[in-house]
Each structure stands twice: as structure tokens, then as C-alpha cells.
Amino acid sequence: MLELDFLPLMQKKKNLLAFSGGIDSSALYFLLQDFGVAFDIALVDYGIRKQSKLEANYAKTLCFRDKRQCFIKEASLNFSNFQNNARAVRYGFFEELIRQYGYENLLLAHQFDDKLEWFLMQFCKGTSLELMALSPKSPRIIQTPKKIQSYQILRPMHKIKREEILDFLHNKGIFYFEDFSNQNFKYTRNLFRNSLNKIWLKQYYQGIAFSLQLLEERVIEVQDYGGFYVFSQENALLKIDKACKKLGLILSKKQKLECQKYLLKPKFSIVFGGRVAVEKQEDLLYVAPFIKKILSKKAKEFYRQAKIPPKIRCFLEDREITRFSFFNSV
């Protein structure tokens with residue numbers, strides 16, 4: 001029996017499984033079921049493969065049999081920058097369901113081979129060390145006009161090798177779909193998936209697993225203070241990048257270089273993409289959703305005395321966040 005990580009975090013919680021009908025998500029579906037974890041599933045049909053309708057029908061059949069909710073979104077995308085656009089659509093759909101139905105965990109079927117593939121891809125692209133790890137657990141927030149909603153991304157199979165997953169499916173006689181696009185080498189991930197890791201995992205699994213574990217422990221997390229982030233200048237660019245991602249904005253290389261220049265200044269205030277404000281004041285960095293709001297004189301004076309940067313004030317006032325004791329712990 002394969003073991004899943006994060007079982008205590010999933011049990012007695014509302015879980016949404018990102019499902020495709022492929023090897024990994026099919027295995028996670030039945031493993032969650034075996035461990036008594038309640039969950040519903042969500043699937044995005046991009047309509048680019050002939051079997052996609054069959055996969056959607058398979059998902060519906062499983063959920064009908066097991067009395068689960070099955071959410072399916074049909075999306076039509078062009079092939080220009082398809083992977084990034086598909087990811088944006090996928091996560092947008094997941095967060096829409098999380099917002100509407102109150103799911104606490106989003107379960108992804110990434111496994112150990114995926115972690116190695118991700119590391120190699122980031123390494124070859126020249127990514128900083130702290131961003132090379134595929135985090136097994138990651139908190140997220142969703143901004144809405146009326147409230148801030150939090151959830152966690154969990155990867156319960158992150159310690160399990162693909163070879164073990166295939167053995168589990170075959171031994172249990174579980175049906176799954178083969179994604180033949182995995183053989184298309186125009187996608188960078190497939191170059192690693194079909195060559196390097198197969199050799200490395202057979203001979204060096206223990207060493208690779210230990211190294212990736214050490215890397216995951218170095219992953220920089222930023223503290224969520226109710227929809228915005230405050231932190232010291234140590235590893236500032238990495239923290240800003242992480243905070244922006246949590247707020248739904250992926251910084252471009254140009255934006256990161258711009259931010260790096262600003263970090264040399266004793267004080268600054270910038271807005272990225274018209275969506276996320278980044279400010280530096282009193283040796284602290286602040287990241288929050290950018291909101292335009294007219295403040296009263298009383299409110300302005302209150303925030304001035306509390307040494308809160310101007311653009312962050314509007315967010316705090318909009319969310320009616322008036323307690324600042326947490327700044328003492330930054």
C-alpha cells in the first residue's frame with residue numbers, strides 16, 4: 001500500500017482534487033478513497049486531444065458511482081504560449097470552485113519524478129536555488145471584494161515514484177488514460193521526463209530524494225497577515241516574488257530587475273501590473289493588492305503614526321484591518 005503525505009491535513013476537510021484521468025491523478029483518486037479522505041474533483045477539458053471527451057465522461061462516471069461532485073470546465077485556447085495559458089485557466093477554475101464551495105485544500109497529483117523534472121528545468125533555466133523546489137505544501141489566499149479566503153495546495157504523492165504508481169494501478173486493475181502529448185518533445189518537461197530522470201532514479205534515488213528534501217526545507221515562505229505580507233529585507237527579492245505569486249501575479253524578468261533596482265533605495269513605492277503594490281519603509285517591505293481608496297484625515301493620521309506605507313493603507317482600510325500588533329513580530 002502506498003502512503004500519502006498530509007493525511008491529517010486532508011481528513012475532515014473539504015478537499016478538491018485536480019483530476020485528468022491520467023496515471024497520477026487516477027492513482028491519487030483511489031488512494032484518497034482507500035484512506036477515507038473525502039473529496040470532489042475538478043477537470044479542465046481543453047479539447048485538443050481526441051480522448052479528452054472520454055476523460056471527462058470517465059470522471060463523471062467515477063463521481064456518479066462514488067457520490068462525489070464532478071466539476072468540468074471546457075476551455076478553448078490557441079497554441080501560442082499554450083502551457084502558461086492552460087495553467088492560468090486551470091488555476092482560475094480551481095479557485096473559482098474554492099471560492100464558491102469553500103474547499104480548504106487543493107490536491108495535486110504531482111509525484112517524486114515531477115519534483116526532479118521541475119528541479120532540472122529550473123536549474124537549466126538559471127533559477128535561484130530557493131525557487132527550484134516544487135513545494136509539497138503551499139498556503140494560498142483568494143482576494144474577493146468582500147473577504148479574504150485561504151486554502152492550501154497539497155501534493156500528497158510527492159514522495160512516491162512514478163514507477164511505484166504504475167505498479168499500484170496495474171496491481172489494482174485501475175483504468176487510466178495515457179497522455180500521448182507526453183511524447184511530444186517540443187515541451188521542455190518531456191525532454192527531461194523521457195531521458196535523464198529514468199537513468200538517474202534507478203541508480204541515485206536515495207541521494208536525489210535527500211537532496212530535494214534539503215532543498216524543500218530552504219524554500220522561502222512569506223507570512224500572510226490577512227491578505228497582505230510584511231517582511232524584512234533578507235532575501236527580499238525572493239520574498240517579493242513569492243508574495244506576488246500568492247496574490248496571483250507572476251513577476252516577469254523585467255519586473256524582477258526593476259524591483260531589484262528599487263531595493264537599493266531606502267524607501268520606494270511601486271505597483272506591478274496595476275494589481276499588486278510593493279512598498280519599502282522603515283527597513284520593512286510590504287506587499288498587498290493595489291486598491292484605490294480615499295482616506296479620511298483621521299485615517300491618514302492613524303496610518304502615518306503606525307508607519308504604514310500609503311498604498312498599503314488603502315488595502316487595510318478597504319478590508320477594515322485596524323490591528324497592527326503583528327508588526328512587532330516581523
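Colleague: In which helix of the protein is confidence lowest, and in which strand is it highest?

Modeller: This is a predicted model, and the mean pLDDT of the protein is 83, with 84% of its residues at 70 or more. Over residues 322–330 the pLDDT is below 50, although this stretch has 18 contacts in the model beyond near neighbours in sequence. By element, the mean is highest, at 98, in strand β1 (residues 15–18), and lowest, at 63, in helix α7 (residues 188–193).

Colleague: Which element supplies the largest share of the largest nonpolar core?

Modeller: This core holds 34 residues, and Leu-17, Phe-19, Leu-32 and Met-157 touch the most other members. At least two residues each come from α1 (7–10), α2 (23–34), β2 (40–45), α3 (52–66) and α6 (162–172). The largest share, 7 residues, is that of α2.

Colleague: Which residues does Leu-32 touch, leaving aside those up to four places away in sequence?

Modeller: Leu-32 is one of the core members that touch the most others. With residues up to four places away in sequence set aside, its partners are Leu-4, Met-10, Leu-17, Val-37, Phe-39 and Leu-107.

Colleague: How do the residues of the contact of α2 with α6 divide into nonpolar, polar and charged?

Modeller: The two helices pack at an angle of about 65°, their axes 10 Å apart, and their crossing is left-handed. From α2, Ile-23, Asp-24, Ser-26, Ala-27, Phe-30, Leu-31 and Asp-34 take part, meeting Arg-162, Ile-165, Leu-166, Phe-168, Leu-169 and Lys-172 of α6. The division is 8 nonpolar, 1 polar and 4 charged.

Definitions and conventions:
Residues are numbered from 1 along each chain as its sequence is written. This is a predicted model: local features need pLDDT of at least 70, side-chain atom pairs count only at pLDDT 80 or more; totals for chains, interfaces and linings use all residues. Side-chain values use heavy atoms; hydrogens and water are left out. A nonpolar core is a set of buried Ala, Val, Leu, Ile, Met, Phe, Trp, Tyr and Cys residues joined through side-chain atoms within 4.5 Å. Buried means under 20% relative accessible area, exposed over 50%, partly exposed in between (1.4 Å probe, protein chains only). Helices (H or I, at least four residues) and strands (E, at least two) are DSSP runs, numbered from the N terminus. Contact means heavy atoms within 4.5 Å. pLDDT is the predictor's confidence in each residue, from 0 to 100. Axes are lines fitted to C-alpha atoms, for helices over the stretch in contact, and angles run from 0 to 180 degrees between N-to-C directions. A crossing is left-handed if the near helix is turned anticlockwise from the far one by less than a right angle, and right-handed if clockwise. Ala, Val, Leu, Ile, Met, Phe, Trp, Tyr, Cys and Pro count as nonpolar, Asp, Glu, Lys and Arg as charged, and the others, Gly among them, as polar.
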